[in-house]
Amino acid sequence: MQLGREPAAAHREAEAAFQGRWAAGPAGGAAPPPSARAPLAAPAPLALPDVSAAHDTPQPVTAHGCWYPSVDPSGRQVAFICDRGGVPQLWTGPVDGDSVRLLDGDPDPVTEVSWSPDGRWIAYTTAPGGGELTRVLCVRPDGTGRRVLAGAEPGSSAHLGCWRHDGSALAVTVAEPSAGPEPGTVQAAPARAQAGAHVPPHPPGWAVRNGHAVLLGGPPPGAVRRPYAPGPGGPGGRSAGHTLPGDGLNGPDEPVPLTLSAYLVDPEGVAAPVFLASERGAATLRVCDLSQDGRLALLRRGPRARREALVVRLRDLAVTCAVPVADDDPWIGGFAPDGLTVWLRSDHGREFAALYALRLDPQGRRRGLAVAAGRPDRGLELLALDRTGRGALLSWNVRGLSELQIATLDAADDDGGGPDGEPAGNGAEHTRRSPGPPGPPGPGVPSAPGVPAFGTPAVVPLRQGVAVRDVPLPHEVVTRVVPTADPDGPVVALSGSQRRPGVWWLPQGTPLRTPWSSRDEDVAPDGRAPVRPVPMRPVARDGLALGGWYYRAPGRSPGEPAPCVIHLHGGPEEQERPVFDPLYHELLGRGLDVFAPDVRGSGGHGRSFTDADLGKGRFAAIDDVADCAAHAVLAGPADPQRLAVMGRSYGGYLVMASLVWHPDLFRTGVAVCGMSDFATFFAGTEPWIARSAAHKYGHPEHDRDLLRALSPMSRIDALRAPVLAVHGEHDTNVPPGESEQFVRAARERGLEAALLLLRQEGHDFQRADNRRLFRRTAAEWIERRLTG
């Protein structure tokens, strides 16, 4: 998948470059010139701070969270993320004991964790300074040998991938520093820079449209676009003419700088990295699994709403198969033991994601595709295969709640006719027994000569068997599932309205909280019981059914009108879930109700609902906020004279938009990390975010008028309510200038406006002191204006 070069040649060049770099080591010899510098250095040891004593024993009474577990080969030891020290850090502990250990005491937040299959290493990702750039490290389970594997070079970033099955290497994805301006680069207008946003140069061809897909980061103007298809020749050959959205491929004589590159890295630093794939301007590129025989790799690529699973043949780096997959969790599936079946979590051709079985031939090309387990009214949210590839955990999203199943997987050829992409039966049953008629091609999926289109009959039909059994859960929402060596003893991360995030062990289906996770009674340190929300189903003015959860402040009589905060989630594809939120707890403790709705564009309600806000549908999403506020008043206990609106990221955008589209509805607003002007947002955000955002909001060049009309800054004269903006100083997803310009414009019009800029934070606030400051400041701001 190397752009601009043939796979074999690219592999040889990459390997040669790495051999030279690896021989020098992290400090060996003079640095090569930038043009010859490889994007990945040898693993560099890091000194560990002293984290003994106070952190090696559990802290009493602490309202902390534990999440993102990964288990050792025995399944009895867990590596996990915990914020009991004030920032998310890497810890380990037994499933049935309280002897926890802090493995990395640095203040950089930890975001992902993965224990190696051989048990020798724990890999994890950190965000230095709390910013958006990340690096991949690994450490021994006893806390020794910490080293950086990728992302340590200035301006680079790295992401965690899967382990090789023997534990000898870890897949990492490296984002290399962006190249400077080139001929054909679209430069930002001076007016945008003056608006307060960081304005980086965009890559060539960032404003290219290709059919139905919006491309940011395509080939430079005038470049010859090379046809792309999985595999060499014929079905799966690059000459087959199958062009996938966002490839950015150039002719063989026009090599281009790479943006995302995937490698297999030896944590010991003995063997040179093995190059797997690379793509310039890619939104995402993650190695999700390697076949047990080492022939194939499963990659996830593409911007949101256009994710794909790629099967890559490692001997020649050919992409042999591509299948659309669902958004959300990046771990999309894995290989069966024989490497001839791939189990995928996909919503291809469906409203809700299901478990798919993708059948491959010995060369890795697709032979068939069918739904193995699916439901018509709920989506497969999490899929995790065990280390044998014969068992899996399935977590289903049921209107915001989770259902968990343990599955035994089987796949075999069948002699009868069969489908390619058609659900089993009516789509309601858990187990596929026999194929049905072929289904239609999926929406917007191109076809090519010699490459079977999605939805057409498979060359070799399939029979899949998926036997499942339900597992009871003590709390509402599953956030991560981890199979163990015992098929009946998985580890899961749970959250709920009555508890902090925690890790649970489920031997024989009996849920046991790990001793180092917070107790349910310690959910709130102030002693106030958390509020259990009730579901609400508002109806938009155009008849679309919405969703959400209402939290009633304690101590108020049922019929008494209450001041109410409409809180809007980010994404837009996130979903409001019934989990304990310290922000809501803070607001409720001040006598403020909270209504957290899912407006159109949210996830968890089907693909049509998620896509209902695209393009001009964004205006309807803004109206949804007003309709949800009206529902809270008419069908609930909210006081129409004391309403506030608050939200983060895309929710922050909706706050600003609601304040200027419905200026007399809310008495105040709190916008957190929101976009105020799409022109400055596209000029200042990360290029990979721009590619995904263009699909959701509109193209910054072709849809300029639409984006201007959707920008809150375009209607700033309509603003009437006081506004508080909150932002992280290192946020490069939505740069702080978006909040600064909105606050500045409000003040220029004589309105009360303030900006809280949080130090050492990016788009997500990770540090306990900053989170407390944010919650207190926002709650006090709203309380004074609704109850003062």
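Which residue is the bridge partner of glycine 669 in β38? In this predicted model, that partner is valine 723. The pair belongs to the contact between strand β37 (residues 668-672) and strand β38 (residues 723-728), which run parallel and are joined by four bridges.

## The eight-stranded sheet

Both strands are part of an open sheet of eight strands with mixed pairing. The order across this sheet is β32-β33-β35-β34-β36-β37-β38-β39. At its edges stand β32 (534-535) and β39 (753-758), each of which pairs on one side only. Two helices that pack on the sheet are set out below.

| Helix | Strands touched | Angle with the direction of β36 |
|---|---|---|
| α5 (residues 617-634) | β33 (547-551), β34, β35 (593-598), β36 (638-648) | about 140 degrees |
| α6 (residues 650-661) | β34, β36, β37, β38 | about 140 degrees |

Helix α5 thus touches β33 and β35, while the strands touched by helix α6 include β37 and β38. Strands β34 and β36 appear in the list for α5 and also in the list for α6.

## The four-stranded sheet

An open sheet of four strands follows the order β20-β21-β22-β23, and its pairing is antiparallel. Its edge strands, β20 (333-335) and β23 (366-373), each pair on one side only. From one strand to the next, the twist averages 20 degrees. Within this sheet, strand β22 (residues 354-360) runs antiparallel to β23 and is joined to it by six bridges. Leucine 360 faces arginine 366 of β23 across this pairing.

## Helix α3 and its surroundings

Helix α3 (residues 582-589) packs against helix α11 (residues 768-787) at an angle of about 35 degrees, and the two axes are 10 Å apart. The crossing of α3 past α11 is right-handed. On the α3 side, the contact is made by Pro582, Leu583, Glu586 and Leu587; on the α11 side, by Phe774, Arg775, Arg776, Ala779 and Ile782. Sorted by class, these are six nonpolar and three charged residues, with no polar ones.

Helix α3 also takes part in lining a cavity. Four cavities of 30 Å³ or more are found in a search of the whole structure, and the largest holds about 60 Å³ of space. Its lining consists of Ser497, Pro530, Val531, Tyr551, Val579, Phe580, Asp581, Tyr584, His585 and Leu588. Seven of these residues are nonpolar, two are polar and one is charged. Where does the largest share of the lining come from? That share, three residues, comes from α3.

The loop between β34 (562-568) and α3 contains proline 572. A cis peptide bond joins this proline to glycine 571, with omega of about 10 degrees.

## A positive phi at alanine 305

A further backbone feature is found in the loop between β17 (296-301) and β18 (308-313), where alanine 305 lies. Alanine 305 is not a glycine, yet its phi is positive, at about 70 degrees.

Conventions
Residues numbered from 1 in each chain as written. Predicted model: local features only at pLDDT ≥ 70, side-chain atom pairs only at ≥ 80, totals over all residues. Heavy atoms only, no water. Axes fitted to C-alpha atoms, helices over the stretch in contact; angles between N-to-C directions. Helix = DSSP H or I, 4+ residues; strand = E, 2+ residues; numbered from the N terminus. Left-handed = near helix turned anticlockwise from the far one by under 90°. Contact = heavy atoms within 4.5 Å. Nonpolar A, V, L, I, M, F, W, Y, C, P; charged D, E, K, R; others polar. 1 Å grid on protein atoms, 1.4 Å probe; cavity = no way out; pocket = protein on both sides within 12 Å on 5 of 7 lines; lining within 4 Å. Points joined across faces, edges and corners; volume = space filled by probe spheres on them. Pairing = 2+ DSSP bridges.
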